[in-house]
Amino acid sequence: MIVTLILVCEIGFWVLLAAGLALRYLARMPRTGVAVLLLEPLLELVLLVVTAIDLKNGASADWKHGLAAVYIGFSVGLGHSTIRWADQRFAHRFAGGPRPPAKPAYGRARTVWEWKAAGRWCVAAAVAAALLQGAIWYVGDSGDISSLRAWQTKMWLVIGVNVVIAASYTLWPKQPPKGQVQ
C-alpha cells in the first residue's frame, strides 16, 4: 500500500504541476494556478500520515517506509526548484516569457550553481534522514529497523557525493576552452 501511495503522490505532483501551470498561463488565472500549486505539499503530508499509521498499526518497518521518508525528503528539498524550473519553461513556451537562463558553464558562476544544487540535494537527504530517524524512534526496540538505517546511510552518501562534486568545482573551476571568452 505504501509503494502505491508513493506512486500516487508522484503522479499527483506532476498532475497538480501541469494543472497549476495551465491555469496560470493558458487559462490566465494566476491566483487559481498558484492555489493548485500550493496543494502539492498536501500529497507529502498524506504520505507521512499514512506511513505513520501503518507503522502504528504494527507493520514492520521495511524498505517501503524508508522509501516514503526519502520521497518526502526529496519533495521538500527539490520540489520548489522543480516547480520553478517547470514554471520558467512553461512561461517561455506558452506565455511569451523570457527564455529560461542556462546553467552557467564556467568559472565562479558555475561553482556557485553547483553549490546551490548541492545544497538542495543536501536538504533533501537531511530531511529524509531526519524522517527516517523519527521512524526509528517511533518503532523503538519493538521492531527491526535495519532497513531504515540502510536508507539513512544512503542519504548520508547522497550528501557526501554532492558536497564532493561542489567542492571539486571550487578547487578546480571549469574553464572555458582556449580562445573562448567567459
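Buried, for what follows, means under 20% relative accessible area, exposed means over 50%, and partly exposed is what lies in between. Keep those cut-offs in mind, because Tyr 138, at a relative accessible area of 44%, falls in the middle class and counts as partly exposed. What you have in front of you is a predicted model, and I will come back to Tyr 138 once the helices are in place.

The overall picture, then. The protein chain has 6 helices and 0 strands. Read from the N terminus, the order of elements is α-α-α-α-α-α. Along the principal axes, the C-alpha atoms fill a box of roughly 65 × 45 × 20 Å. The chain has 182 residues, and 37% of them are buried. If you take the contacts with a separation of 6 or more, 72% of them join residues 24 or more positions apart.

I will start with helix H3, residues 40-56. How far apart should the ends of its 17 residues be? At 1.5 Å a residue the expected span is 24 Å, and the end C-alpha atoms are 25 Å apart, so the two agree.

Which residues of H3 are buried? They are Glu 40, Leu 43, Glu 44, Leu 47, Thr 51 and Leu 55. These residues cover an arc of only 100 degrees around the axis, which means that they sit on the same side of H3. The general background is that an α-helix has 3.6 residues a turn, so residues three or four places apart point the same way. On the face of H3 turned away from the buried side you find the exposed residues Pro 41 and Lys 56.

What do the buried residues of H3 pack against? Their partners are helix H1 (2-26), helix H2 (30-37), helix H4 (63-95) and helix H5 (107-139). After H3 comes Gly 58, with a positive phi near 100 degrees.

Next, the pairing of H1 with H3. The two axes come within 9 Å and cross at roughly 170 degrees. Angles over 145 degrees count as roughly antiparallel, and therefore H1 is roughly antiparallel to H3. From H1, the contact is made by Ile 2, Leu 5, Ile 6, Cys 9, Gly 12, Phe 13, Leu 16 and Leu 17. From H3, it is made by Glu 40, Leu 43, Val 46, Leu 47, Val 50, Thr 51 and Asp 54. By class, the residues of this contact divide into 11 nonpolar, 2 polar and 2 charged.

Between H1 and H2 there is a loop, and Arg 28 is in it. Arg 28 has a positive phi, near 55 degrees, and is a residue other than glycine. Its relative accessibility is 62%, so Arg 28 counts as exposed. Further on, in helix H2, is Thr 32. Thr 32 is partly exposed, with a relative accessible area of 33%. Thr 32 and Pro 101 are 69 residues apart in sequence, and their C-alpha atoms are 26 Å apart in space.

Now back to Tyr 138, which is in helix H5. What does Tyr 138 touch, leaving aside neighbours within four places in sequence? The contacts are Ala 52, Leu 55 and Lys 56. Leu 55 is also one of the buried residues of H3, while Lys 56 is one of the exposed residues on the opposite face. As for Leu 43, it is 95 residues from Tyr 138 in sequence and 22 Å away in space, C-alpha to C-alpha.

H5 also holds Gln 133. Is Gln 133 buried or exposed? With a relative accessible area of 16%, Gln 133 is buried. Not counting residues up to four places away in sequence, Gln 133 touches Arg 149 and Gln 152.

That leads to helix H6, residues 146-171. Its 26 residues should span 38 Å at 1.5 Å a residue, and the end C-alpha atoms are 37 Å apart, so again the figures agree. The buried residues in H6 are Ser 147, Leu 148, Trp 151, Gln 152, Met 155, Ile 159, Asn 162, Ala 166 and Tyr 169. H4 and H5 are among what covers them. Gln 152, on that list, is one of the residues touched by Gln 133.

The last residue I want to show is Leu 171, in H6. At 58% relative accessibility, Leu 171 counts as exposed. Thr 111 is 60 residues away from Leu 171 along the chain, and the two C-alpha atoms are separated by 9.3 Å.

Notes
Residues are numbered from 1 along each chain as its sequence is written. This is a predicted model: local features need pLDDT of at least 70, side-chain atom pairs count only at pLDDT 80 or more; totals for chains, interfaces and linings use all residues. Side-chain values use heavy atoms; hydrogens and water are left out. Helices (H or I, at least four residues) and strands (E, at least two) are DSSP runs, numbered from the N terminus. The expected span of a helix is 1.5 Å times one less than its number of residues. Buried means under 20% relative accessible area, exposed over 50%, partly exposed in between (1.4 Å probe, protein chains only). The arc is that of the directions from the helix axis to the C-beta atoms. Contact means heavy atoms within 4.5 Å. Axes are lines fitted to C-alpha atoms, for helices over the stretch in contact, and angles run from 0 to 180 degrees between N-to-C directions. Angles under 35 degrees count as roughly parallel, over 145 as roughly antiparallel, 65 to 115 as roughly perpendicular and the rest as oblique. Ala, Val, Leu, Ile, Met, Phe, Trp, Tyr, Cys and Pro count as nonpolar, Asp, Glu, Lys and Arg as charged, and the others, Gly among them, as polar.
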